[in-house]
There are 2 protein chains.
Amino acid sequence: MTAASLRARLRAELTDEIKATARRHLATDGANLSLRAVARDLGMASSAVYRYFASRDELLTALIIDAYDALGSAAEAGAGEGTYEERWLGVCHAVRDWALANPYEWALIYGSPVPGYRAPGDTVGPAIRAVLALGRIVRDAADAGRVDVGEPIPGRLGEELAGVAERAAPGAPPQLVARSMAGWIHLNGAVSAELFGQLDNTIGERREFFEFQMRGALSWIGFR
Amino acid sequence: MTAASLRARLRAELTDEIKATARRHLATDGANLSLRAVARDLGMASSAVYRYFASRDELLTALIIDAYDALGSAAEAGAGEGTYEERWLGVCHAVRDWALANPYEWALIYGSPVPGYRAPGDTVGPAIRAVLALGRIVRDAADAGRVDVGEPIPGRLGEELAGVAERAAPGAPPQLVARSMAGWIHLNGAVSAELFGQLDNTIGERREFFEFQMRGALSWIGFR
DNA sequence: CCATATCGAGAGCACTGCTCTTGACACTCG
DNA sequence: CGAGTGTCAAGAGCAGTGCTCTCGATATGG
């Protein structure tokens, strides 16, 4: 395989270089980065880039998948040790820290969807890693009896949540799945609000305010 | 004034027509709509549009301000009558309903910021109307003793929040300001999650799930 | 009525994503 | 070791973009 890989290795390396350069351009041009500019930075013709990515959308998709994966890894690593509360806050801060370190990639995956862009199925796997990392902690805490399970959710939403629980965390109470998802959504909103400038001229103590919110989610979910 | 307004009226009308057409293009092209395409739809030369908006950014800014204003009006109208809980949920649903009816304008104001685009100061006034509508309800409820004020927030965040309270709602306890803001951020995240497709293939009962979350925020804030 | 300000249209510049063709290189098989 | 094959980079070219400038036409105000 090493024989065939001389060409393959060059291809893989150049693919990575293109992605890295594109990631850099993300900072200045956002989702409408210029493929030609990326090629120019690499000293190659724009048409040559099309040997590696069939379109600009495909390049963006690659960046999106990488971003989801990196965020998922960061979130999972943030779970760490300690009490369930500490693990929860650990994941929250890990997500926020990653977003602060990679704001343009965060915007790419959680900002407004590019019209006409259809996310391929490859993205959903990496996309749910972060929320699953959160859910696992709630589930573990619930198994240990450290979470007030609370009232079941009635109606069709309740049934639907039971289905979600079945697929994502068999045996977990649907209402805890719902509250975990709500926690993730709040986390997501808090990070986006901070990154997208909604806290400018209002809140300077970003980290403290974020933790205040995540502790609130924690208590509402029912940790005790 | 009617004398001078023949030209002025035409100008105002055409300005509105350009914005309306641009709003329509928002649906297909998002923030990178084509000024030329807008002009084409209006049967005028692209250069003529520049008599009305100095740049594409300026056109987008006009759309952004209009969107903030429309959302603010919808939120304020949603406060309506009833108990404090009902008013809170009324605003939440009003915001969500507006976003569902105007998804591309929501994406414009709460999606990823366009790199290189600097929001002019004119946007902050309309931008805060919605969150103020929420905050007013919490404040009213607190004045009526229907909210558990809870523990004060210590440290620099607490001091900062006291300043925010001073400016936005004099006399209101800083911790309630913080929880109101957190509620708005959660609301914002919930709407964005729904609109940006993060609930696809997971939650179908969108309205119920949204209300579940907003009731959660309600109880965490301390309504009783 | 006439000077002035405003406006629309068109040409043009530099840029974009993307396609197609051409020629060079590396690899594989006989 | 040499011929054939697949892969690659480069360049030209097309249609589209934001934006500027110039040039006539039209309405406004003194």
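The legends below walk through several views of a predicted model with two protein chains and two DNA strands.

**Before you look.** In this predicted model, local features need pLDDT of at least 70 and side-chain atom pairs count only at pLDDT 80 or more, while totals for chains, interfaces and linings use all residues. Residues are numbered from 1 along each chain as its sequence is written, chains are lettered from A and ligands numbered from 1 in the order in which they are written, and side-chain values use heavy atoms, with hydrogens and water left out.

**View 1. Chain A is built from 11 helices and zero strands.** Helices (H or I, at least four residues) and strands (E, at least two) are DSSP runs, numbered from the N terminus. Along principal axes, the C-alpha atoms of chain A fill a box of roughly 60 × 50 × 35 Å.

**View 2. Two UniProt annotations fall on chain A, both from an unreviewed entry.** The annotation "domain: HTH tetR-type" covers residues 12–71 of chain A; this span is 75% helix and 0% strand, with its end C-alpha atoms 22 Å apart. The annotation "DNA-binding region" covers residues 34–53 of chain A. Here the chain is 55% helix and 0% strand, and 13 Å separates the end C-alpha atoms. Please keep in mind that UniProt positions are given in the numbering used here, that feature names are shortened, and that annotations may be inferred rather than shown by experiment.

**View 3. DNA strand D is surrounded by 24 residues.** A residue is near a strand if one of its heavy atoms lies within 4 Å of it. The closest are A45(A), R51(A), L35(B), R36(B) and R40(B). Sugar and phosphate make up 51% of the atoms of DNA strand D that come within 4 Å of the protein. By class, the surface near this strand has 10 nonpolar, six polar and eight charged residues; Ala, Val, Leu, Ile, Met, Phe, Trp, Tyr, Cys and Pro count as nonpolar, Asp, Glu, Lys and Arg as charged, and the others, Gly among them, as polar.

**View 4. Side chains from both protein chains make polar contacts with DNA strand D.** A polar contact is a pair of N or O atoms within 3.5 Å; within protein, one must be able to donate a hydrogen and the other to accept it, and residues adjacent in sequence count only if both atoms are side-chain atoms. Look for S47(A), where a side-chain N or O atom is 2.8 Å from a base nitrogen of DNA strand D. Phosphate oxygens of DNA strand D lie 2.9 Å from a polar side-chain atom of Y52(A) and 3.1 Å from one of Y50(B). Elements giving two or more residues to the surface near DNA strand D are α1 (5–29) and α3 (46–49) of chain A, along with α1 (5–29), α2 (35–42) and α3 (46–49) of chain B.

**View 5. DNA strand C also has 24 residues around it.** L35(A), R36(A), R40(A), S47(B) and R51(B) come nearest. Of the atoms of DNA strand C within 4 Å of the protein, 50% belong to sugar or phosphate and the rest to bases. The side chain of S47(B) places an N or O atom 2.7 Å from a base oxygen of DNA strand C. For phosphate oxygens of this strand, the distance to a side-chain N or O atom is 3.1 Å at Y50(A) and 2.7 Å at Y52(B).

**View 6. Chain A meets chain B with 44 residues from each in contact.** Contact means heavy atoms within 4.5 Å. The area buried between the chains is about 3,600 Å², of which carbon and sulfur atoms give 69%; buried area is the accessible area (1.4 Å probe) that two parts lose on being put together, summed over both. I185(A), F212(A) and W220(A) supply 17% of what chain A buries against chain B, more than any other three residues.

**View 7. A rotation of 180° with 0.0 Å of shift along its axis superposes chain A on chain B (RMSD 0.0 Å).** The two copies are thus related as by a two-fold rotation axis. In chain A, the C-alpha of G189(A) is nearest the axis, at 2.0 Å. Copies are superposed by least squares on the C-alpha atoms of residues with pLDDT of at least 70 in both.
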